[in-house]
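Please read the following walk through the structure with the model open beside the text. The route begins with single positions and then turns to helix packing and the nonpolar interior.

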Amino acid sequence: MSSTAATVPEADQGPAHRGYLRRMLGRPELGAVVGAAAVFVFFAIVADSFLEASSLSTVLYASSTIGIMAVPVALLMIGGEFDLSAGVMVTSSALISSMFSYQMTANVWVGVGVSLLATLAIGFFNGFVLTRTKLPSFIITLGTFLMLTGLNLGFTKLISGTVSTKTIGDMEGFESARALFASHFTVGGVDLQVTVLWWLGLVAVATWVLLRTRAGNWIFAVGGGVDAARAVGVPVRRTKIGLYMAVAFCAWISGQHLLMSYDVVQSGEGVGNELLYIIAAVIGGCLMTGGYGSAVGSAIGAFIFGMTSKGIVYAQWNPDWFKFFLGAMLLLATLLNAWVRKRAEASK
């Protein structure tokens, strides 16, 4: 009797353990976690200064500047779409805030507010045109990318006479705006930029939305199949527009950080950064086909970016190698994510 009782918990333990393993294998960010651990160990070995507190601060800052934008880009990719205008939208946000404040001789916070409205309008435009025309998001946002690139340069030269904005550091409200968007603080002897808090906060909110709200279900549904999602009552148009406006909101945050950190903005900045955001999301487990991914994965992908970009410097290698490592990680992460997903589906 006692031997039978002893074997029951073992029998119950097996399926539970297998169920846990299946859930772990099914996590989108699993491949990114493995990759992040490998990159961390690699640079800890080859770069003596990589584990120093100051180095960690630099890595986290580099990660956060990409991670803030990688979060909404990941959500957009889960929803089955892309935004190639995300990089220059950051610059547009900073330029609008700076030039409006300077030209109107207004409080800096007025420019910040106008920039928020204008940037959200750009995101709404992308989502609205997408849902109305049914054109691929690649084409629509490529068009927005080109228009914003031209507007950034054209308006800056027209208003300022140069390719950069005028300084607004002496204007009222600048210091309080800098405190919100570009300040730093110390934790355990590590000096951290406030962008790290913005980044972690956005990851937490996005994760809650994806896993605990009806909107999260809608995002996965429209990424899995628009027609099927619409058939079960998902507001496809509203969901896609909301995702593009989320990208715009985070572009506004990044743009204000750019402005408050350097006081002036170069109109040509941001070109190419949209690819870094997409790479971080893909490394983090998002599928190019939509319907699969996580906000946490995008954060890990951004952290891998930060470790690689700064680890190469600490190892005293030629920084030209960075793009090679980034491309290699993208391919390896995509292959690993595909393998993990196949294993997860096979174990069901």
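A suitable place to begin in this predicted model is Asn-152, which belongs to helix H6, the helix that spans residues 137-160. With a relative accessible area of 6%, Asn-152 is buried, and once residues up to four places away in sequence are set aside, the residues that Asn-152 touches are Val-88, Thr-91, Ser-92, Leu-95 and Ser-267.

From there the path leads to helix H4, made of residues 86-103, where Met-89 is located. Met-89 has a relative accessibility of 0% and therefore counts as buried, since the limit for that class is under 20%. Apart from neighbours within four places in sequence, the contacts of Met-89 are Asp-83, Thr-119, Ile-122, Asn-126, Leu-148, Ala-248 and Ala-251. By way of a distance reference, the C-alpha atoms of Met-89 and Ile-45 are 38 Å apart in space, with the two positions 44 residues apart in sequence numbering.

Phe-100 is also found in helix H4, but its relative accessibility of 27% places Phe-100 in the partly exposed class. Leaving out residues up to four places away in sequence, Phe-100 touches Leu-95, Val-110, Gly-111 and Val-114. Leu-95 is thus a residue that Phe-100 touches and that Asn-152 touches as well. Between Phe-100 and Ala-248, which are 148 residues apart along the chain, the C-alpha separation is 18 Å.

How do the helices H5 and H11 lie against each other, and at what angle do they cross? Helix H5, covering residues 108-133, and helix H11, covering residues 236-262, have axes that come within 8 Å and that cross at roughly 150 degrees. Angles over 145 degrees count as roughly antiparallel, and H5 and H11 are therefore roughly antiparallel to each other. The crossing of this pair is right-handed, and when the residues of the contact are sorted by class, 15 are nonpolar, seven are polar and three are charged.

Within helix H11 lies Ser-254, a residue that counts as buried at 10% relative accessibility. Not counting residues up to four places away in sequence, Ser-254 touches Ile-68, Met-69 and Val-90. The C-alpha atom of Ser-254 is separated by 25 Å from that of Met-329, a residue 75 places away along the chain.

A second helix pair, H3 with H12, offers another geometry. The axes of H3 and of helix H12, which consists of residues 273-283, are 8 Å apart and pack at an angle of about 70 degrees. Because angles from 65 to 115 degrees count as roughly perpendicular, H3 and H12 are placed in that class, and H3 passes H12 in a right-handed crossing. On the H3 side the residues that meet H12 are Thr-65, Ile-66, Met-69, Ala-70, Val-73, Ala-74 and Met-77, while H12 contributes Leu-276, Tyr-277, Ile-278, Ala-280, Ala-281 and Val-282. By class, the contact between H3 and H12 holds 12 nonpolar residues, one polar residue and no charged residues.

The nonpolar interior links several of these places. The largest nonpolar core contains 85 residues, and those with the most contacts inside it are Met-69, Met-77, Val-108, Met-260 and Ile-304. Helix H3, residues 53-78, supplies the largest share of this core, namely 13 residues. Met-260, when its neighbours within four places in sequence are left aside, is in contact with Val-108, Val-112, Phe-174, Ala-177, Arg-178, Phe-181 and Ala-182. A second core, separate from the largest one, has five residues, among them Trp-218, Val-222, Ala-229 and Val-234.

Two loop positions complete the route. Lys-134 is placed in the loop between H5 and H6, where its relative accessible area of 59% makes it exposed, and its phi is positive, at about 65 degrees, although Lys-134 is not a glycine. Gln-316, in the loop between helix H13 (295-314) and helix H14 (321-346), is likewise exposed, with a relative accessible area of 73%, and Gln-316 has a positive phi of about 60 degrees without being a glycine.

Notes:
Residues are numbered from 1 along each chain as its sequence is written. This is a predicted model: local features need pLDDT of at least 70, side-chain atom pairs count only at pLDDT 80 or more; totals for chains, interfaces and linings use all residues. Side-chain values use heavy atoms; hydrogens and water are left out. Axes are lines fitted to C-alpha atoms, for helices over the stretch in contact, and angles run from 0 to 180 degrees between N-to-C directions. Helices (H or I, at least four residues) and strands (E, at least two) are DSSP runs, numbered from the N terminus. Angles under 35 degrees count as roughly parallel, over 145 as roughly antiparallel, 65 to 115 as roughly perpendicular and the rest as oblique. A crossing is left-handed if the near helix is turned anticlockwise from the far one by less than a right angle, and right-handed if clockwise. Ala, Val, Leu, Ile, Met, Phe, Trp, Tyr, Cys and Pro count as nonpolar, Asp, Glu, Lys and Arg as charged, and the others, Gly among them, as polar. A nonpolar core is a set of buried Ala, Val, Leu, Ile, Met, Phe, Trp, Tyr and Cys residues joined through side-chain atoms within 4.5 Å. Buried means under 20% relative accessible area, exposed over 50%, partly exposed in between (1.4 Å probe, protein chains only). Contact means heavy atoms within 4.5 Å.
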